[in-house]
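Q: Please take a close look at the burial of strand residues in this structure. I should also like an account of the pairing, salt bridges and pocket found elsewhere in the chain.

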Amino acid sequence: MNIYAYTLKELEEYLVNNGFKKYNATQIIEWIYEHKVYDFNKMTNLSKKLIEFCNENLYFEDLSILKVETSKLANKYLLGLKDNNKIECVLMNHDYGYSLCVSSQVGCNMGCSFCESGRLKKVRDLSLEELVGQVIAVSRYEGVRIDSIVVMGIGEPFDNFENIKRFISLVTNNKMLNIGQRHLTVSTCGLVPKIYEFADLETGVNLAISLHAPNNEIRDKIMKINHAYKIEKVMKALDYYIAKTNRRVTIEYIMLAGINDTDECAYELANLIKGKLMYVNLIPYNETSNFTMKRSNDFKIKSFYDILKSNNINVTIRKEMGGNLSAACGQLRANEEGEK
């Protein structure tokens, strides 16, 4: 089994069940995640018996980096999986450190009408070792420490909920990737039952919701998930999350020309979230040749921003970090598949 497939608790149970001590798991984990040693034979405080067991039953396997697109502030990576499927992730260089956007699935079944990720449809969920493998692969390739993680790449994280829970456990464990809970954000397009489950975990991890519309009429047209979970149900679930965790929710809002970027939409969005522990992240749309939707112009985005601000809504405009990259989520993978 790939060593990255285990949380600390799972590795403890595995070793104990095979006649070893619980603390042996911590020894191995410290070598891997703290000392960056990827050879059991070089873990000098392990017994000979344990080293032999690990060599026979456990192994290290990194994801292969097939392609890298670079820019001043962000790099995008196309990663190969063992079954020849491909995913992508993005490393962003912020003033406060390196942030990695990771994928949660191969493809996506949510079918949002503006999103490149879902155009090729979901093939399967990513396993824990493939989630962790993105962090390990990029960190080793670039020789940097990842300071924060956003699960906003290809896929719907809450459609892979069990592995995301295990990923959170591994990422935030101070013996493993040791990234603070408040430096980890998970995004969902609105799987309402999972929002409640996520709230009940009380992890302290940030939640972002891909809303992209202020009413059901518009959201029905651009996001299939809204046919199952209307905005009212989404907002009720977010209220529960906030009450349970006292954590602020990020409202992700892609600006689509002539669709959701009118002044009326801005006022409606303001009324929808006013007084709630939420803030809005306005996202300039990354156009692709596979969709007819267009990016709102800068004037429209600024007008939308000003209306929200004037209504006392906390709002930011997402900084564009990689203008020369295949910028849309899933675009690098889609381009690669299209070339075939």
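A: A residue is called buried when its relative accessible area is under 20%, exposed when that area is over 50%, and partly exposed in between. The model described here is a predicted one.

By that measure, strand 8, which spans residues 184–188, has five of its five residues buried, so the rest of the structure largely encloses this strand. In a regular strand, side chains alternate between the two faces of the sheet. In strand 8, Leu 184, Val 186 and Thr 188 point one way, Thr 185 and Ser 187 point the other way, and all are buried. The partner described here is strand 7 (residues 148–151), which pairs with strand 8 in the parallel sense over three bridges. Within this pairing, Val 186 of strand 8 stands opposite Val 151.

Strand 2 may be examined in the same terms. Its residues, 74–80, number seven, and seven of the seven are buried, so strand 2 is also largely enclosed by the rest of the structure. Both of its faces are covered: one side carries Ala 74, Lys 76, Leu 78 and Gly 80, the other carries Asn 75, Tyr 77 and Leu 79, and all of these are buried. The buried residues of strand 2 thus include the charged residue Lys 76.

The pairing of strand 2 is antiparallel with strand 1 (residues 64–70), and six bridges join the two. Lys 76 has a place in this pairing, as the bridge partner of Glu 69. The connection from strand 1 to strand 2 is a hairpin through three residues. Strand 2 also pairs with strand 3 (residues 86–94), again in the antiparallel sense, over seven bridges. Here Leu 78 has Glu 88 of strand 3 as its bridge partner. The hairpin of strand 2 and strand 3 has five residues between the strands, and within it Asn 84 takes a positive phi near 75 degrees.

The loop between strand 2 and strand 3 leads to the salt bridges. Side chains of opposite charge can pair when their charged atoms come close. Lys 82 forms a salt bridge with Glu 61, with 4.0 Å between the closest N and O atoms. Lys 82 lies in the loop between strand 2 and strand 3, while Glu 61 lies in the loop between helix 3 (48–57) and strand 1, so the pair ties together parts that are 21 residues apart in sequence. Lys 82 is exposed, at a relative accessible area of 62%, whereas Glu 61 is partly exposed, at 30%.

The total for the model is 18 salt bridges. One of them joins the side chains of Glu 10 and Arg 166, with an N to O distance of 2.8 Å. This pair links distant parts of the chain, as Glu 10 belongs to helix 1 (residues 8–17) and Arg 166 to helix 5 (residues 161–172), 156 residues apart. Glu 10 is partly exposed, with a relative accessible area of 24%, and Arg 166 is partly exposed, with a value of 25%.

Another salt bridge lies within a helix. The side chains of Asp 306 and Lys 302 meet at 2.9 Å, N to O. These two residues are four apart in helix 11 (residues 298–310), which means that about one helical turn separates them. Asp 306 is partly exposed at 34% relative accessible area, and Lys 302 is partly exposed at 43%. Elsewhere, salt bridges that share partners join Asp 83, Arg 124 and Glu 130 into one network.

Helix 11 also takes part in a contact with helix 10 (residues 263–273), the helix in which Tyr 267 lies. Leaving aside residues up to four places away in sequence, Tyr 267 touches Ile 307 and Asn 311, and Ile 307 falls within helix 11. Tyr 267 is partly exposed, with a relative accessible area of 43%. Its C-alpha is 8.9 Å from that of Pro 214, a residue 53 places away in sequence.

There remains the second largest pocket, which holds about 340 Å³ of space. Its lining comprises 19 residues, and those nearest its centre are Tyr 33, Lys 36, Arg 145, Met 176 and Leu 177. Helix 2 (22–34) and helix 4 (128–142) each contribute at least two residues to this lining. By character, the lining divides into 10 nonpolar, three polar and six charged residues.

Terms used. Residues are numbered from 1 along each chain as its sequence is written. This is a predicted model: local features need pLDDT of at least 70, side-chain atom pairs count only at pLDDT 80 or more; totals for chains, interfaces and linings use all residues. Side-chain values use heavy atoms; hydrogens and water are left out. Buried means under 20% relative accessible area, exposed over 50%, partly exposed in between (1.4 Å probe, protein chains only). Two strands pair if DSSP finds at least two bridges between them. On a 1 Å grid over the protein atoms alone, a cavity is a set of points where a 1.4 Å probe fits but cannot get out, and a pocket is an open set with protein on both sides within 12 Å along at least five of seven lines; lining residues have an atom within 4 Å of a point. Grid points are joined across faces, edges and corners, and a volume is the space filled by probe spheres set on the points. Contact means heavy atoms within 4.5 Å.
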